[in-house]
There are 2 protein chains.
Amino acid sequence: MEREFITWLRGRLPPHPLLRLGPGDDAAVLNLADSTQCVLTVDMLTDGVDFKLTEIDPRHAGRKALAANLSDLAAMAARPLAGVIALCLPQRGGLDLAVALYEGMLPLAEQYNLAVAGGDTNSWDGPLVVSITLLGEATDRGPLRRGGARPGDRIVVTGAFGGSILGRHLDFEPRVLEALELHANYELHAGIDVSDGLSLDLSHIVEESGCGAAVNTAAVPVADDARRLAERLADGSTPLEHALSDGEDFELILAVPPDDARRMLAEQPLDVPLTDIGEFIVEPGLWQTNPRGDRRPLPPRGWEHSLK
Amino acid sequence: MEREFITWLRGRLPPHPLLRLGPGDDAAVLNLADSTQCVLTVDMLTDGVDFKLTEIDPRHAGRKALAANLSDLAAMAARPLAGVIALCLPQRGGLDLAVALYEGMLPLAEQYNLAVAGGDTNSWDGPLVVSITLLGEATDRGPLRRGGARPGDRIVVTGAFGGSILGRHLDFEPRVLEALELHANYELHAGIDVSDGLSLDLSHIVEESGCGAAVNTAAVPVADDARRLAERLADGSTPLEHALSDGEDFELILAVPPDDARRMLAEQPLDVPLTDIGEFIVEPGLWQTNPRGDRRPLPPRGWEHSLK
């Protein structure tokens, strides 16, 4: 019963200075007096596509759903403010499932000081659907966008890539604090989080920026998971190919002017490594280069929803 | 293909003064400098539960999804600002379906000056899921809440109730402008929109307000649709019972202090009729009264998602 669930949730939510009215009314009421430039993002995850409830603890599904949304705020270098959570639950076991999902989400919400403002809880005879909408605020430096990369900017990434399906896609840390710290201390021209795949998400930056990118593939940080996955699948795909196309790494790709990139890489200000993997260039499209300077096309690969 | 769809959408969306960055990035960027008290609401609709795509034009499904969300803003007496739309589409015909849904939503968004800020478009081998999140702003009089009804307040409703399944549940007009006009010109203590059912939604007001309500059932405005439905079903349920429990009327229930209620009913300031159907009382729960003044319990009935 929806009322029963809201009662449970109200008892479970800590007070939040932003929240004038939380779950239980037709809408939540937020005090946004100090936030002039807000960002709004929504991400929908479904059982069978983004996770498999037959294989994982539903707490991990809840955590992933919220973490993936927080990663979109990180991509904008925005501070999390508030979120609303819509669930479509299978009728059988739906209430227990809703509680487990929130038990996965609430610690992450608290960690990032996110006000869980409300939601919508439905049931049907289909698989679980989780749709989370987050409101964040840009800092004084403005939001980080996809469309600002300029030829000559370095391509800088956080962390390592590939093989996230072996577990990292569930327990990754969204790079919210990392994005805020970098945005505050270095000039960043563009950014995106890697949800679909390193090469595919990089292609989104170059499309929006009207430039191209040359990736030094030898420099791409390949995750141990990518090596393990290549070994396990043994289908001829290399660890590097996994790194370039697997997706759900939820690391950042940044366009950084050369001087700031040099400083950033020397200072390594984060707990996670920063790596220079190439350069934004005038010529459109994605290119891969090798140490000898040869250049050939890099096909953007990754997860795409097929719509026909 | 998601990019193809976003390209179509960007070409279709009019510019909006609130929108610094629209669909296509990791999040939309909104200028909320003038909005200090915002409301945030989400509503998820699914094929088979909220509409049947085998029976209706998908434009109507899109319109309903947005209208139901706008009705939640109406319930708060809030002005619509911006929205994000998440879709989970069946793989076969998903792109055409997405376009048709938006073709149903966009005219309504323009009508209410709502910025369509972005969304998320997914596909799966399941039925259509539409999740819409709206951001609105409260007026200077603050948001209208469920919890403010006081004993002695009159129960005032807009429009008529029952039988919306015969068609009104698809083409209703959300009472956004009506709520804003009433909130500006009369004192309102509480409000809700009737999505689940007149008696069930009234029970939400009394629960949140810590009071009860006595409904003069003879005064409840029964829609012609309620009479037609009762006749058609011929299952013994009366038109009044349909009016009290069918739901999806998307009319407003308001708690209005007696003097303002008298004035409101005499002035009838809206195109839609306002009707006094009873009184909020000290004694908890819902009650029905008849012209002789007899009082007996009124069971709150309507649509509830069953979670087990």
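Begin by selecting Gly210 of chain A: Gly210(A) sits just after helix α6(A) and takes a positive phi of about 65°. Keep in mind along the way that this is a predicted model.

**Stop 1: the helix before the glycine**

Step back from Gly210(A) and select residues 198-209 of chain A, which form helix α6. At 1.5 Å a residue, its twelve residues should span 16 Å, and the end C-alpha atoms are 17 Å apart, which agrees.

Is α6(A) enclosed or open to the outside? Ten of its twelve residues are buried, so the helix is largely enclosed by the rest of the structure. To see this, colour the buried residues, among them Leu198(A), Leu200(A), Leu202(A), Ile205(A) and Val206(A). Asp201(A) and His204(A) are buried too, as is Ser209(A).

Now show what covers them. In chain A, the cover includes the strands β8 (190-193), β9 (212-216), β10 (252-256) and β12 (285-289). Helix α8 (239-245) of chain A is also part of this cover.

**Stop 2: where the two chains meet**

Next, display chains A and B together. The contact takes 70 residues from chain A and 70 residues from chain B. On the side of chain A that touches chain B, the largest share, nine residues, comes from strand β3 (residues 37-46) of chain A. The residues on that side of chain A divide into 35 nonpolar, 22 polar and 13 charged.

**Stop 3: a sheet shared by both chains**

Leave β3(A) selected and add strand β2 (residues 28-31) of chain B. The two pair in the antiparallel sense over four bridges. For one of these pairings, find Cys38(A), whose bridge partner in β2(B) is Leu30(B).

Which strands make up the open sheet, and in what order? There are six, running β5(A)-β4(A)-β6(A)-β3(A)-β2(B)-β1(B), with mixed pairing. The edge strands, each pairing on one side only, are β5 (115-124) of chain A and β1 (19-21) of chain B. From one strand to the next, the twist averages 25°.

Now add helix α2 (residues 58-75) of chain A, which packs on this sheet. Helix α2 touches β3, β4 (78-90) and β6 (129-138) of chain A, and its direction makes about 145° with that of β3(A).

**Stop 4: the pairing with the chains swapped**

Finally, select strand β2 (residues 28-31) of chain A and strand β3 (residues 37-46) of chain B. Four bridges join these strands, which run antiparallel. Zoom in on Ala28(A), which stands opposite Leu40(B) in β3(B).

How values were computed:
Residues numbered from 1 in each chain as written. Chains lettered and ligands numbered in written order. Predicted model: local features only at pLDDT ≥ 70, side-chain atom pairs only at ≥ 80, totals over all residues. Expected span 1.5 Å × (residues − 1). Buried ≥ 20, exposed ≤ 12 C-beta atoms within 10 Å, placed from the backbone. Contact = placed C-beta atoms within 7 Å. Nonpolar A, V, L, I, M, F, W, Y, C, P; charged D, E, K, R; others polar. Pairing = 2+ DSSP bridges. Axes fitted to C-alpha atoms, helices over the stretch in contact; angles between N-to-C directions.
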